[in-house]
There are 2 protein chains.
Amino acid sequence: MTKADSKKKKTCLSLSEIESRLVIAGIQPTAQRIAICRYVLCEADHPTADDVKTWADQNFPKMSLATVYNTLGVLVGARLLKELKLPHSGSVIYDDNVSQHFHFLDEKTGELHDLPASAIEITPRLKRGFRVSSMEVLLKGSVG
Amino acid sequence: MTKADSKKKKTCLSLSEIESRLVIAGIQPTAQRIAICRYVLCEADHPTADDVKTWADQNFPKMSLATVYNTLGVLVGARLLKELKLPHSGSVIYDDNVSQHFHFLDEKTGELHDLPASAIEITPRLKRGFRVSSMEVLLKGSVG
DNA sequence: ATATTTGCAAAGCCTTTGCAGGGGA
DNA sequence: TCCCCTGCAAAGGCTTTGCAAATAT
């Protein structure tokens, strides 16, 4: 792996790969949706709806903000994306990592890092009757 | 402790106790602030600004929404309250428990329970350079 | 032909802000 | 007196919605 490659956050999918992912998920693969997927699944790192709109304005003939929100909602519904609402940002953040994992917020830069589930050992010791179905963990600090 | 007592979430403070808490925190103890503290520190459980406004409308001669937000902001600044932004609610939630602790959200009822820090054993295993200054943990599930 | 999807604009929710008036130190 | 606080109303950021036109199956 070259140094340049190591900066890439994720594997890039071809347009046809994206299209089949959408079809498999039961989503009509419209041009707008494919474009947004290309950005959100391949290029972006924890984008907001606004980030997507900005990207679309530069990389797609014409896309309305409503379509951006609508598409992101569809992708979340199909579990191709996860919605994150984190305390430091007023905007919803979209995460293409849909498996169980946690987050680390660099308070200096505002950067959000994914932490694999294995990076945190967490053991709830709850009272009788409490059943946990999911956990959200956000660590805040700095990356030196 | 009687059964009735056990339902109370917190100790009730007298008006003068509230007043001195404010003064100690360097906050002018105005009527509005004392009233809001009485609700937020004694009666309420994880209220939103809107909850405070609703309470004030019923228990205080006249209080503007701006004053509610302003006062809550002042209390947060003085560390008498903590702000919580949780994914299930569009509104900021105010927590009078300002010590390190975690939360459990009952997904059926929407109730938010405080978990003492001791209820969760959490061990981050991070890469070199990551320094953690605080942690936020939200467990979601049901209380049987 | 029928069901979806898009785009625009308007409305919505929650929160913040500007400014004038009022009250406490 | 002087400064801080309050209230009102307006503005602000982000997201959702209604509806007509365009598009896909």
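This is a short chat about a predicted model, covering the contact between two protein chains and a DNA strand.

Visitor: How are things numbered, and what counts in this model?

Guide: Residues are numbered from 1 along each chain as its sequence is written, and chains are lettered from A and ligands numbered from 1 in the order written. Local features need pLDDT of at least 70, side-chain atom pairs count only at pLDDT 80 or more, totals for chains, interfaces and linings use all residues, and side-chain values use heavy atoms, leaving out hydrogens and water.

Visitor: How much area do chain A and chain B bury between them?

Guide: About 2,900 Å², with 49% of it on carbon and sulfur atoms. Buried area is the accessible area (1.4 Å probe) that two parts lose on being put together, summed over both. Glu121(A), Phe130(A) and Glu136(A) supply 20% of what chain A buries against chain B.

Visitor: How many salt bridges cross that interface?

Guide: Four, a salt bridge being a side-chain nitrogen of Lys or Arg within 4 Å of a carboxyl oxygen of Asp or Glu. One of them joins Glu136(A) to Lys140(B), with the closest N and O atoms 2.8 Å apart.

Visitor: On to the DNA. Which residues come nearest to strand D?

Guide: Tyr69(A), Val92(A), Thr30(B), Lys62(B) and Thr67(B), of the 17 residues around DNA strand D; a residue is near if one of its heavy atoms lies within 4 Å. Sugar and phosphate make up 83% of the strand D atoms within 4 Å of the protein.

Visitor: What does Thr67(B) approach there?

Guide: A phosphate oxygen of DNA strand D, which lies 2.7 Å from a polar side-chain atom of Thr67(B).

Key. A polar contact is a pair of N or O atoms within 3.5 Å; within protein, one must be able to donate a hydrogen and the other to accept it, and residues adjacent in sequence count only if both atoms are side-chain atoms.
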